[in-house]
Amino acid sequence: MSSVELRKVDKHYAGYHALKTVDLKIEKGEFVVMVGPSGCGKSTLLKTIAGLETINSGQIVINGRDVTREEPGDRGIAMVFQSYALYPHMTVAENMGFGLRMANRPKAEIDAAVKRAAQILRLEEQLGKRPKQLSGGQRQRVAIGRAITRSPEVFLFDEPLSNLDAALRTQMRVELSGLHTQLGSTMIYVTHDQVEAMTMADRIVILNKGRIEQIGSPLELYANPANIFVAGFLGAPRMNFIEAKAVSVDASGVSVAAAGLPALSLGGIDVTGLSAGDAVTIGIRPEGLRVVEAGDGVMPVFSSQVRLVEQLGRDTVLYVDASPLQTTNSDSGTGNFTLQLNKVSTVAVGATLRAGFETGDAYLFGPDGRTLTPRKPVAST
Amino acid sequence: MSRLWRRNRHWVTPALFLLPGLILFGTVILAASIETVWISLHDWDGIGAKTWVGLANYIELADDPQFYVSLKNNVIWLLIFMLAPPIGLALALIVNQQIRGMRILKSLFFVPLVLATVTVGVVFGWVYDPNFGLLQLLFGAFGGTAPALLSDETFVTFAVAAAGLWPQIAFCMILFLAGLNSLNDDLIAAGRVDGARGWRMLRHVVLPQLSQVGFIAIAVTVIGALRSFDMIAVMTSGGPYGSCTVLAYQMYQESIFSYRFGYGAAIATVLFVIMIVFIAWYLNGLIKAERSNA
């Protein structure tokens with residue numbers, strides 16, 4: 001039995017279709033991260049699970065019980081808000097025990113639950129304080145503690161770390177993952193930060209414009225994005241996209257031509273609905289590109305000028321002038337191509353280099369954005 | 001010159017901005033208050049020469065039965081006015097519901113605030129009229145006769161204060177409505193997730209967020225009750241036989257009708273001292289709130 005199940009969930013606001021027939025099954029004990037650009041509906045989806053937003057049609061089932069019409073307090077969920085949403089007039093202990101108090105639990109039970117949560121989150125010293133007297137990280141812990149004391153079936157997190165500074169965010173990320181292992185509860189986590197998604201999730205749900213684009217484990221989504229949106233969304237720096245044209249299509253593969261590149265012959269392509277002359281997109285991850293010496297045997301090669309060099313310590317990210325390639329949808333600005341080198345590079349800005357990639361690392365996306373290249377093995381170390 | 005300016009501008013600029021307000025406050029409030037205290041130590045008809053009498057006005061006041069009537073009535077006003085914050089809150093909670101037609105109701109409740117106090121006084125004067133007033137119509141419907149509230153020594157203060165209460169409730173309602181509009185949505189959501197609803201949501205999540213507004217509503221209502229004057233002037237002129245007068249009205253009467261400016265100033269000074277207790281409490285609360293927000 002799955003822990004949370006969404007069946008054809010539809011949500012409209014006035015003149016705006018926020019969730020479009022969302023189907024989703026989340027298993028017991030799973031850590032699912034919902035991620036997507038702002039306005040994709042991820043927070044709305046979380047709020048519909050919480051019951052803070054009603055849905056126009058569909059069904060929400062938690063632990064086998066249809067809770068579609070139930071109040072948030074009756075659904076067996078707890079939620080951690082981005083703003084923490086701690087009751088400012090209550091002490092830390094009162095904040096954490098409030099849910100049980102509203103459920104009319106005996107005081108001894110409330111105290112025990114609060115104490116246990118405080119122990120887990122190292123908040124014993126703060127129990128008598130008000131939220132105002134706490135640091136951002138401590139407030140976040142209290143918000144999590146308030147969720148823990150209710151011992152819910154499902155934890156819901158709405159961008160809980162986005163108000164913390166970078167160092168604290170990394171620390172809390174590790175702590176939250178640890179907490180998930182310790183409690184073993186189902187957790188649904190919304191974020192726009194793909195690092196959080198990649199590092200914490202058992203499964204990632206990628207949302208775009210109110211629709212689920214793809215569901216899968218982080219590495220699976222990274223290696224095998226279902227479409228150009230997922231390919232572009234996961235990975236930093238982003239995947240490079242090259243506008244191209246299918247020259248010839250047959251059962252054995254596709255021949256693709258792109259301005260500035262030698263013709264590419266890609267095998268194992270899903271050619272359904274694809275015909276010669278169609279506009280396609282070639283995708284190549286920054287780490288799939290390499291600097292090529294003259295005469296090297298690697299495949300498609302183009303030369304270009306280095307515009308910016310970012311030294312990351314071990315890695316180097318190079319932004320090079322993409323012309324004459326036609327790039328689209330890249331976050332380094334149109335007209336740039338991104339290379340991530342697995343070493344410190346001494347390349348200087350203004351230098352000309354030859355970049356190339358192996359055809360096996362390239363992705364091909366059809367006119368509708370669907371991935372056409374065959375499955376790639378999930379990265380292993 | 002420019003050097004002098006640079007060295008001093010850090011205090012000259014704010015001082016210049018504060019100056020108009022300070023001058024106004026200094027002449028209209030501070031100087032006037034001090035002069036009032038000064039006058040209260042004299043016997044003065046308002047035109048001729050002042051005669052120094054020391055504390056004689058205050059000693060006379062302490063023996064004046066009318067003074068105690070005024071004081072008692074001020075307390076009654078205060079107690080009745082204390083109904084305004086809770087009733088205003090209740091109305092705000094009702095009209096804040098998302099129900100069709102609530103906007104019209106909201107505007108209707110807003111009306112007494114738009115009316116001049118004098119108008120409210122006159123309207124209530126008609127309501128209380130024992131011959132053709134609304135009250136008489138109500139009593140008449142049950143076959144009774146309405147008491148002549150405004151000429152009854154026992155009821156008159158209550159009747160006038162009730163008229164003053166009407167706009168005060170509307171004012172409190174507006175304050176609480178503004179407070180309800182600025183509630184933190186996330187806190188309400190957190191309360192819903194925690195299973196708080198109905199009365200307990202109100203008590204534990206909503207009302208604590210309104211405490212600041214509630215404080216202002218109470219403070220403003222206290223001060224409003226103490227300085228009540230216009231309603232009495234319009235409805236009864238303090239009568240019958242001075243039975244519904246309050247300190248502010250008695251001061252006005254002594255000064256303007258009896259030409260006893262010194263005595264009136266002494267009453268004003270006593271009222272000022274009473275007020276200052278509440279104002280100090282109010283300012284203290286405001287400063288505390290400001291500090292806790294910083």
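In this predicted model, residues 107-128 of chain B form a span that is 91% helix and 0% strand, with the end C-alpha atoms 25 Å apart. A comparable description can be given for residues 201-225 of chain B, where 96% of the span is helix and 0% is strand, and where the end C-alpha atoms lie 32 Å apart. Both stretches appear under "transmembrane region" in an unreviewed UniProt entry, which also lists residues 75-95, 155-180 and 261-283 of chain B.

Stepping back to the whole of chain B, the chain holds 14 helices and 2 strands. Its radius of gyration is 24 Å, well over the 19 Å that the globule rule gives for 294 residues, so chain B is more spread out than a compact globule. The C-alpha trace of chain B covers about 85 × 75 × 30 Å along its principal axes. Of the 294 residues in this chain, 31% count as buried. Among the chain B contacts with a separation of 6 or more, 68% join residues 24 or more positions apart.

Chain B also meets chain A, and the contact draws 17 residues from chain A and 13 residues from chain B. On the side of chain A that touches chain B, strand E6 (77-80) and helix H2 (92-102) of chain A each supply at least two residues. By residue type, that side of chain A divides into 12 nonpolar, 4 polar and 1 charged.

Conventions:
Residues numbered from 1 in each chain as written. Chains lettered and ligands numbered in written order. Predicted model: local features only at pLDDT ≥ 70, side-chain atom pairs only at ≥ 80, totals over all residues. Contact = placed C-beta atoms within 7 Å. Helix = DSSP H or I, 4+ residues; strand = E, 2+ residues; numbered from the N terminus. Nonpolar A, V, L, I, M, F, W, Y, C, P; charged D, E, K, R; others polar. UniProt positions renumbered as here; feature names shortened; annotations may be inferred. Rg over C-alpha atoms; globule rule 2.2 N^0.38 Å. Buried ≥ 20, exposed ≤ 12 C-beta atoms within 10 Å, placed from the backbone.
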